[in-house]
Amino acid sequence: MIHEYKLNGYNIALDVYSGSVHAVDPLAYDVIGLFEAEPPDEIVRQMLLKYRDDPSIDEQEIRDCISDVALLKTSGKLFAPDPYAGAELPPRKRFVKALCLHVAHACNLNCEYCFASQGRYQGERALMPYEVGVQAIDFLIANSGPHKTLDVDFFGGEPLMNWDVVKRLAAYARGREAESRKRFRFTLTTNGLLVDDDVIEFCNREMYNVVMSLDGRKEVHDRLRRDYADQGSYDRIVPKFQRFAKSRHERGYYVRGTFTHENTDFLQDILHIADLGFTQISMEPMIGSPADPHALTEADLPTLYAQYEQLAQEMLKREKEGRGFTFYHYMIDLAHGPCLVKRLTGCGSGTEYFAVTPQGDLFPCHQFASDPSMKAGDIWNGVTNHELTERFARCNIYAREECQDCWAKLYCSGGCAANAYHATGDITGVYDYGCKLFRKRIECALMIKAAQAQKS
Amino acid sequence: MKRIVTLDTRDLAESAKTGGCGECQTSCQSACKTSCGIANQQCEQEKEN
């Protein structure tokens, strides 16, 4: 399967199943588009007609180009076949390797758009007791099979509302590394209000990654990220985040925002964050019910596409000027990225990854933690709802009919099960709106790679 | 090739033979928590090599 598109002056041909990306000129772009459908003589005829006003393109040039395309096909870099088309994926025993520890179902902000209902996940306010966290770490080690690296995300609500437990759990897990022959990789997601020197020092020592929530411009951030006294939080958190990021030497953090229907010009928010001095940035579209006034609409899509394209152009410009920044969704490691197995089997929710509530219940991921029908078990008895986890185990790109013809499937591995479930009622459905934005982001990311390759 | 620049990419078909160790980070764990992009993830084996 081939996906060809033009963006920012680049002609790009992506060979889906080999993962090969080609930056091509207009003639090669057209030849690739016709190659499987037409015989060489017909391609020559059509190209001579199309490029009749271009003296540099004659029959020999076109035949040379056809030969190059044929060579790339022979070498598996164009028109590569689907490796598992119509066949079952090879069976693979999966072990638990990551937990999202909901150390606090409570939050000191009262954000209107919060998927977790102001941190409480539609339940009672709760903090995870240390003993529950210890059992969760033990559960992870015991069920991790041969995995060496285990990920634990301290999440909420706001995890700093249970900071002492976070520190003690990190110390407990570190204390078990040697005898269990595991290595823990911790992450923390915070709204910033409770960040202080102790948090910064501890996180810099222990946390592989810190996610700092900031939506962008002050008026945008403060519109929705307000506390219970109805005060905006921007002025209180930005100086802390700046100090935090600087102390991490501009590595191992993301400033992460959410954009909504109210700021479809989210590029301005990303650039605002960059202008505050942050270099690692993530900005996510809000996901919510279409009835929510903050929800993005179909009519917003052309604007959002244009914003993503302008973001890519601006990033290239700033990179050239020596003030570049990283945008999470444009990071693609083409040469050292995930293997095909990873790309086919999805995010691992409900199989390799579970969320743990303050009460010790297991859910397939943090986005299911407010839905009792999605309870997979608990950390004392392990997974008991095997019917549920089997459904998640079968949730790969071949399980989704809509993905079969999609060129981006090996970049999203079928998309988010929670988004699909909330949009369609089925974890093997697709959240079409998210797919549209995802495809645009991948097009932009690949264009940036083409531009960088041309430069080098 | 005169008209085609092929970017340096990992051979996915080849990666299927040796991949699947599962040591890589769980997709959602890293920064977004709301989408399942795996393109930006690094392969732990490739990192070591």
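**Exercise 1. Find which strand of chain B is joined to strand β3 of chain A, and say how the two run.**

Three bridges link β3 of chain A (residues 20–24) with β1 of chain B (residues 4–6), and the two strands run antiparallel. Keep in mind that this is a predicted model. For a register point, take Val24(A): it sits opposite Ile4(B) in β1(B).

Now zoom out to the whole contact between the chains. On the chain A side 68 residues are in contact with 41 residues of chain B. Helix α15 of chain A (residues 432–455) gives the largest share of that chain A side, seven residues. Sorted by class, the chain A side has 32 nonpolar, 21 polar and 15 charged residues.

**Exercise 2. Work out which strands are the edge strands of the 11-stranded sheet in chain A.**

Start by writing down the order: β12-β11-β10-β9-β8-β7-β4-β13-β14-β15-β16, an open sheet with mixed pairing. Then go to the edge strands, β12 (326–327) and β16 (382–383), each of which pairs on one side only.

Next, pick a pair from inside that order. β7 (residues 149–155) and β8 (residues 183–190) of chain A are parallel, with six bridges between them. One place to check this is Thr149(A), whose bridge partner in β8(A) is Arg183(A). Finally, add the helix: α5 of chain A (residues 163–180) lies across β7 and β8, at about 165° to β8(A).

**Exercise 3. Decide whether α10(A) is roughly parallel or roughly antiparallel to α15(A).**

Get the geometry down before anything else: α10 of chain A (residues 301–320) packs with α15(A) at an angle of about 20°, the axes being 10 Å apart. Angles under 35 degrees count as roughly parallel, so α10(A) is roughly parallel to α15(A). As for handedness, the crossing of these two helices is right-handed.

Who makes the contact? From α10(A) the residues include Leu301(A), Leu304(A), Tyr308(A) and Met315(A), and from α15(A) they include Leu437(A), Cys444(A), Met447(A) and Ile448(A). The class count for this contact is 12 nonpolar, no polar and four charged residues. Among the charged ones you can pick out Glu309(A) on α10(A) and Lys436(A) on α15(A).

**Exercise 4. Say which residues of helix α14 of chain A are buried, and what they pack against.**

First, locate α14(A) at residues 417–424; Ala417(A), Ala418(A), Asn419(A) and Ala420(A) are buried there. Second, look at their surroundings: the buried residues pack against α12 (386–393) and α15 of chain A. Last, step just past the helix to Gly425(A), which takes a positive phi of about 85°.

Definitions and conventions
Residues are numbered from 1 along each chain as its sequence is written. Chains are lettered from A and ligands numbered from 1 in the order in which they are written. This is a predicted model: local features need pLDDT of at least 70, side-chain atom pairs count only at pLDDT 80 or more; totals for chains, interfaces and linings use all residues. Two strands pair if DSSP finds at least two bridges between them. Helices (H or I, at least four residues) and strands (E, at least two) are DSSP runs, numbered from the N terminus. Two residues are in contact if their C-beta atoms, placed from the backbone, lie within 7 Å. Axes are lines fitted to C-alpha atoms, for helices over the stretch in contact, and angles run from 0 to 180 degrees between N-to-C directions. A residue is buried if 20 or more other C-beta atoms lie within 10 Å of its own, exposed if 12 or fewer, and partly exposed in between; C-beta atoms are placed from the backbone. Angles under 35 degrees count as roughly parallel, over 145 as roughly antiparallel, 65 to 115 as roughly perpendicular and the rest as oblique. A crossing is left-handed if the near helix is turned anticlockwise from the far one by less than a right angle, and right-handed if clockwise.
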